[in-house]
Every structure is written in structure tokens, then in C-alpha cells.
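Colleague: Hi! Could you walk me through a few parts of this one?

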Amino acid sequence: MADIKQEIQRRRTFAIISHPDAGKTTLTEKFLLYGGAIQSAGAVKGKSSDRHATSDWMEIEKKRGISVTSSVLQFEYGGYCINILDTPGHQDFSEDTYRTLMAADSAVMVIDGAKGIEPQTRKLFKVCAMRHIPIFTFINKMDREARDPFDLVDELEKEFGIGTYAVNWPIGCGAGFKGVYERDRRSILAFDEFHAGRRRIEGVECDISDTERMDSLIGSYAREELVSQIELLDGASFDFDLQKVRTGRLSPVFFGSALNNFGVEAFLQRFLKMTTPPLEHISGDEIISPFDERFSAFVFKIQANMNKAHRDRIAFLRICSGQFERGREYWHVQADRPVKLSQPQQMMAQEREIVDTAYAGDIIGVFDPGIFSIGDTVCEKGEKLRYAGIPTFAPEHFAVVEQIDSMKRKQFAKGVTEIAQEGAIQIFFEPGTGMERVVVGVVGVLQFDVLQFRMESEYGVRYNKRDLPHQLIRYIDNADLNPAELKLMQTTRWVQDVRGRNLLIFVGQYEIDWALDKNPGLMLSEFNQNTDAV
Ligand code: G4P
């Protein structure tokens with residue numbers, strides 16, 4: 001058992017979150033270079049070289065040059081086994097992004113030093129904060145003109161309501177970027193422009209008290225300014241507190257430049273030490289330790305068509321405890337039956353590999369013949385664990401989708417139902433209409449394109465789509481009420497979900513207020529936030 005414990009202890013499973021273009025891909029790529037998982041830069045998302053590493057599972061991704069789906073990468077570095085969960089960085093994202101964060105034990109937030117917090121960072125941060133997982137901040141692109149570092153740190157604290165601890169501090173920015181000061185070692189790491197680029201170079205080290213050398217490296221003006229900034233920083237900032245870091249209340253902040261590979265390895269090393277090994281998970285009243293000998297995992301993502309040739313469907317499981325062994329029989333709690341997880345695979349940098357064993361903290365993808373749903377638990381035979389809490393987010397965009405060819409009624413129904421099962425979209429029905437016409441709700445509008453693409457390519461179905469102006473959705477909680485009798489504004493629509501529950505969709509808040517005002521006793525509740533499995 002000892003080595004299983006060791007294996008689990010050395011696992012670090014985290015997500016990198018950022019607003020598009022902040023530098024998430026560049027940073028990931030540098031991590032992989034350090035881990036020896038890739039040999040050359042540009043391999044992860046070779047915009048120019050066209051060498052997509054892991055995420056070109058769907059043609060739509062290639063066409064748009066973005067990653068629609070989240071991928072998982074595993075590599076070794078400094079004795080750690082690292083699992084990076086990649087969250088799509090497009091403007092527009094789906095519930096998948098949120099769910100991916102449910103499988104992470106910590107998050108690295110990449111921020112563009114010129115821009116500070118951007119909308120996407122804000123949304124993703126909220127999900128991390130909800131789980132109290134450690135959040136590390138990498139303020140990137142310091143080789144370009146950036147905002148004042150005090151302002152940036154202040155913004156993080158004010159907007160996110162957490163403390164920050166600057167682990168290093170930038171010396172200038174843009175053309176005047178001279179490097180960073182490392183507070184724990186009281187040394188600077190000078191930015192060596194000569195070596196800038198894609199080489200493994202971290203710069204030149206110097207003790208801050210060595211004035212002469214400091215001056216020769218960064219100049220006396222920059223040195224004096226640094227000394228006064230450090231005084232200010234030491235006096236005003238929070239103390240470092242690992243416990244607070246590990247419970248998501250204090251975010252260690254690092255400055256650097258991913259593109260220039262500056263400050264990246266120093267960041268990785270400190271991050272790996274500070275962040276947690278796999279976290280505990282809760283099933284009912286029981287807290288399951290990752291070191292528990294009993295294997296358990298939950299499905300956090302289902303993805304169809306990763307390999308076009310096989311039309312396969314992969315369920316991604318986050319292992320919460322114990323050790324997974326290929327070929328063993330496990331228990332699928334929601335189906336209440338035994339299950340063999342077939343073709344278990346992990347994403348090793350550039351390709352998928354079949355795995356024989358995996359440990360708590362790891363993510364495995366298994367072939368799904370259509371038995372799994374998001375949030376399902378797989379554990380040892382005889383156990384009844386249920387890892388609840390994969391949130392369903394309220395759709396914010398709606399459209400009516402109607403089949404064109406009535407000969408393809410079955411395929412249409414099958415397509416929208418299966419894609420809804422994967423959690424990429426939500427489907428609703430307008431009472432009285434059949435399965436030829438559905439109301440589709442999505443969190444990010446890109447999902448509409450994904451739906452259209454997949455319906456055509458996988459199910460051979462084309463349809464008409466009409467966007468709706470609606471943005472809000474509420475359940476009707478009154479069980480004995482006939483929604484047809486409600487007094488509603490003309491634009492408010494009554495729909496039902498797959499379980500037959502009644503919902504109303506609204507264009508704006510004023511419509512909700514109107515409905516509540518005109519229908520005394522009407523009880524509306526928010527769409528399933530944070531419920532048990534969908
Ligand atoms: P993302 O995954 O968060 O969307 O960002 P990505 O890494 O793709 O980086 C977005 C752009 O920012 C890229 O430029 C990248 O080269 C650049 N970048 C990343 N880190 C740094 C940095 O530290 N300094 C500077 N100056 N630029 C940085 P691009 O022109 O859009 O793409 P490419 O042609 O370089 O691939």
C-alpha cells in the first residue's frame with residue numbers, strides 16, 4: 001500500500017484558467033517543455049506549424065482554430081505527476097468548462113499584465129472560489145507595457161475578495177523590464193534579453209544587497225525604485241500563510257513572461273510545493289480520503305466523436321480515491337450494476353495511451369457505450385458512494401430548433417437527446433408539440449454551432465434554428481398549477497424539461513417581476529444550480 005500512497009501524494013491536478021489571449025497555451029507549453037513531454041515550443045497549439053497536440057478532436061476546432069473541448073494532459077516533473085486540465089479559452093464557453101473545474105484540485109489563473117482581470121477570468125474564478133480550491137495567479141506579458149503591479153494586485157483583492165501574496169515582484173515592464181525580485185530568497189532574477197525567446201533560460205541571479213552587481217545588472221535607477229517598492233510591499237501586504245493558500249483564501253501571485261520563458265520554471269516549482277495533493281471528496285455524510293484503499297471516481301465530462309473513425313463516446317472520470325486497475329470489475333452506482341471500464345486511457349502530452357493503473361488525482365477517459373451521465377459515480381462493488389455537486393448552470397441563450405426533413409424525425413430526436421445527455425446543451429419542449437421541435441438552451445452561444453455541426457456530421461440531420469431573445473429561466477414550483485392559466489407577458493414562454501417539469505423562460509427580469517405580481521402564489525425557483533447529478 002505504501003507506494004500507492006506515495007503515488008497519490010505526488011499527484012498535482014490543476015486547471016489553467018484565463019481570458020483568451022492572456023497566455024494560457026504558451027504557459028502550458030512551457031510547463032510541458034520543462035517536463036520533457038514535448039521537445040519544441042509551438043507543439044501544443046501550433047497556429048503556424050499546424051501541429052495540434054491534443055485538442056483537434058473535432059473539425060470545428062480546427063476550422064475555428066480554437067479548442068472547444070477541454071483536454072487533459074499528464075506529465076512528470078521534479079518527482080511530481082502532473083495532470084493539467086485545459087479549459088477552453090474562447091470568449092464563449094459551455095458548462096464543460098465549469099465542470100472541468102470540478103475535477104481540479106487547484107487552479108492557475110493567467111492574467112495579462114496590461115489588461116488585469118477580464119470577463120472570462122471573472123467567471124472562472126467564481127467557480128474556483130465556490131469550491132475553495134487554491135488559486136495561483138500568474139501575471140503574464142511583463143515584457144510588454146503592463147499596468148502598475150500594485151494596481152493589479154489591488155484589483156485582484158478587491159474584485160475577488162481574497163488576499164494575495166506576491167511571491168515575486170516585477171522590475172519594470174515592457175522595454176524597461178529588468179526581471180523579477182524573489183521575495184523568499186531576497187534575490188533578483190535579471191531578465192537576460194540576449195537569451196529571450198524559447199530557450200530554457202531563467203536569467204541571472206543576484207542578491208539584492210549586492211548593490212554594485214545589482215547596479216550593473218539593472219541600473220541604479222531601477223534598483224532604487226525596486227528597494228522602495230519592496231519596502232512598501234513588505235509593509236502593506238498579507239503574510240504568507242500556506243493554510244490560507246490551500247483553502248483558497250490567499251492567492252500567491254507571480255509575475256513573468258510565458259513567451260520569454262521568464263519566471264516560468266520558478267513559478268512551476270513553487271506552485272507544485274504550495275499546492276495540494278488530491279483533495280478529499282464528499283459522498284453523503286462520508287468524507288472520502290484520496291488515500292482510501294477503495295477505488296472511486298466520478299464522471300465530469302462526456303465527449304462524443306473524439307475519434308471520427310470510431311464514432312466513439314468517451315466518459316472522463318476523475319479518480320477520487322484508491323487505485324484504478326484495468327480489467328477489474330467496478331460498480332456503476334447510478335445504473336446499480338457492475339461495470340468494466342473499457343479502453344481506459346490517459347492523454348500523455350500528444351497522444352492517448354491505454355493505462356493499466358491510475359491513482360487518485362488522475363483523470364481517465366473510458367469508452368462509454370451510452371451508459372454514463374455527468375455526475376455518475378463508479379466505485380468498488382458493494383459500495384454506494386455518490387459524489388454530488390456537479391453544477392448545472394442556467395442556460396443564457398435560447399433558440400427554437402426545428403427539423404427540416406420529416407423522414408429524419410428519429411435521427412433528429414436521437415441527436416438532440418444524446419447531445420443533451422452529454423451536457424453540451426439543454427433541451428426543452430413546448431407543451432403540445434412533439435419531438436420535431438425543441439427549445440435549445442446553452443450557456444455559451446458557440447454551443448449552437450457545435451450542435452449544428454454535430455447534428456449534420458454525426459446524425460445527418462439539418463434543421464432550422466430561430467434565435468430567441470430570452471435570457472432567463474425559472475422552474476415553476478407549484479405542483480398543482482396549470483401553467484396555461486398563468487397571466488404572463490406575451491414574450492414569456494412556457495416550456496418543459498425532459499422530466500416533464502414546468503419552466504418559464506423570460507426576456508428580462510421585468511417579465512419575472514410582472515409574472516410574480518400578476519399571479520399571487522406563483523413560486524419560481526432558479527434553474528438547478530448545484531444539484532445532484534444532472
Ligand atoms: P491563450 O491560450 O490564453 O489564448 O493565449 P496564448 O498562449 O495563445 O497567447 C496569446 C498571444 O499572446 C500569443 O500571440 C502569444 O505568443 C502571446 N504571448 C503569450 N505570452 C506572452 C508573453 O509573455 N509576452 C508577450 N509579449 N506575448 C505573449 P499571438 O501573436 O496571438 O500568437 P502566436 O502567433 O505568437 O502563436
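Modeller: Sure, let's begin with an open sheet of 4 strands, in the order β7-β8-β9-β10 with antiparallel pairing. Helices and strands here are DSSP runs, numbered from the N terminus (helices H or I, at least four residues; strands E, at least two), and two strands pair if DSSP finds at least two bridges between them. This is a predicted model, where local features need pLDDT of at least 70, side-chain atom pairs count only at pLDDT 80 or more, and totals for chains, interfaces and linings use all residues. Residues are numbered from 1 along each chain as its sequence is written, and side-chain values use heavy atoms, leaving out hydrogens and water.

Colleague: Which are the edge strands?

Modeller: They are β7 (168-171) and β10 (204-207), and each pairs on one side only. From one strand to the next, the twist averages 25°.

Colleague: And how many bridges join β8 and β9?

Modeller: There are 4 bridges between β8 (residues 179-182) and β9 (residues 187-190), in the antiparallel sense. One pair to look for is E182 with its bridge partner S187 in β9.

Colleague: Which helix packs on that sheet?

Modeller: Helix α7 (residues 211-218) does, touching β7, β9 and β10. Contact means heavy atoms within 4.5 Å. The direction of α7 makes about 145° with that of β10; axes are lines fitted to C-alpha atoms, for helices over the stretch in contact, and angles run from 0 to 180 degrees between N-to-C directions.

Colleague: New topic: at what angle do α2 and α10 pack?

Modeller: Helix α2 (residues 24-34) and helix α10 (residues 264-274) pack at about 75°, with axes 10 Å apart. They are therefore roughly perpendicular to each other (65 to 115 degrees; under 35 is roughly parallel, over 145 roughly antiparallel, and the rest oblique).

Colleague: Which residues meet there?

Modeller: From α2, L27, K30, F31 and Y34 meet V264, E265, F267 and L268 of α10.

Colleague: What about α11 and α12, how do they cross?

Modeller: The axes of α11 (residues 409-421) and α12 come within 10 Å and cross at roughly 130°. That makes α11 oblique to α12.

Colleague: Which α12 residues are buried?

Modeller: L446, Q447, F448, V450, L451, R454, M455, E458 and Y459 are, where buried means under 20% relative accessible area, exposed over 50% and partly exposed in between (1.4 Å probe, protein chains only). Among the α12 residues that meet α11 are L451 and R454.

Colleague: And what comes just after α12?

Modeller: G460, which takes a positive phi of about 65°.
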